[in-house]
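Please look over the sequence and the model below. The paragraphs after them go through the structure part by part.

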Amino acid sequence: MEEQIHRFRHHDIEGAVIRVMDDEILSLNEFLAEEHHLDDGDEYEFAYTCCYLKHRGRHVLIDAGFDPDTTPGALESIDVSPEDVELVLLTHADRDHVAGLLMADGSFTYPNAQHVIGKELWDNLSDPATLEALDNERGAFYRKLVKAFDEPMQVCKKEDEIFDGIRFIPSSGHRIGHAVYEFASEGAPLLHTGDAFFHPDFAEHPDWTNIADSIPDQAVESRKVLVARAAKSNALVLSSHIPFPGIGRLKKIDDLLYHWTPIEIEL
Ligand SMILES: [Zn+2]
């Protein structure tokens with residue numbers, strides 16, 4: 001049985017990485033352009049996670065997982081109810097990140113939460129042409145999501161402190177309008193990087209192209225900025241899909257070369 005929830009503490013921030021789907025064994029070469037292909041040992045455990053933080057007294061979720069049961073179930077195990085969640089910060093709108101936002105009847109899973117989304121992502125998501133291009137099942141879900149989002153949502157355009165000690169940081173490329181979030185702490189910040197890198201190798205070599213990114217060149221540029229920022233601030237870095245729990249630190253070695261150290265800090 002895989003661990004469903006990994007609790008951690010970072011200075012005054014308490015957190016939990018929540019596994020929202022089972023890991024997949026994937027080959028890193030599936031994501032790498034041919035010139036970077038590895039000879040062997042390229043298989044790894046690709047995790048699916050979202051993240052809960054108790055930050056300055058607020059209950060915060062970064063993404064919501066694939067269904068409306070798994071994440072609330074994990075939160076219940078740490079005595080947090082869906083009603084307690086005050087902020088849901090979205091990195092992008094792939095279904096393993098947003099399908100957990102809505103209950104079957106179309107109402108919000110986190111009814112009291114302020115939902116935060118990037119403007120570029122929202123414009124793309126709510127564009128009738130985007131919805132038209134989806135198959136029936138996906139189209140039905142995203143129409144429901146766009147409808148639900150129509151009123152209680154905060155749309156962010158550029159980097160900004162959107163709540164006390166929480167920064168919205170545009171980091172487009174993995175998907176149009178992908179964004180990440182940085183949390184101030186009593187020490188170094190905590191930076192949740194969403195899907196900016198699918199494997200630590202992409203953080204160590206930010207100029208490597210991930211062919212699974214929607215706009216690979218833009219994703220490379222965003223990744224370069226992000227890993228430099230994380231290394232400079234010595235941030236605690238979280239990532240949605242790297243091997244569970246997906247927490248570590250980045251150190252700059254050289255131009256475009258960083259070292260990733262995974263960390264397991266248990267609460
Ligand atoms: Zn993802």
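An open sheet of 7 strands follows the order S8-S9-S10-S11-S12-S13-S14, with mixed pairing. Strands (E, at least two residues) and helices (H or I, at least four residues) are DSSP runs, numbered from the N terminus, and two strands pair if DSSP finds at least two bridges between them. At the edges are strand S8 (160–163) and strand S14 (257–262), each of which pairs on one side only. On average, neighbouring strands of this sheet are turned by 35° against each other, direction ignored.

This is a predicted model: local features need pLDDT of at least 70, side-chain atom pairs count only at pLDDT 80 or more, and totals for chains, interfaces and linings use all residues. Residues are numbered from 1 along each chain as its sequence is written.

S8 and strand S9 (residues 166–170) are antiparallel and share 3 bridges; Phe 163 stands opposite Ile 166 in S9. Helix H7 (residues 216–233) lies across several strands, among them strand S10 (179–183) and strand S13 (247–254), and runs at about 100° to S13. Axes are lines fitted to C-alpha atoms, for helices over the stretch in contact (C-beta atoms, placed from the backbone, within 7 Å), with angles from 0 to 180 degrees between N-to-C directions.

Elsewhere, strand S1 (residues 5–10) runs antiparallel to strand S2 (residues 13–27), joined by 6 bridges. His 10 stands opposite Ile 13 in S2. In this hairpin, with 2 residues between the strands, His 11 takes a positive phi near 50°.

Conventions:
Contact = placed C-beta atoms within 7 Å.
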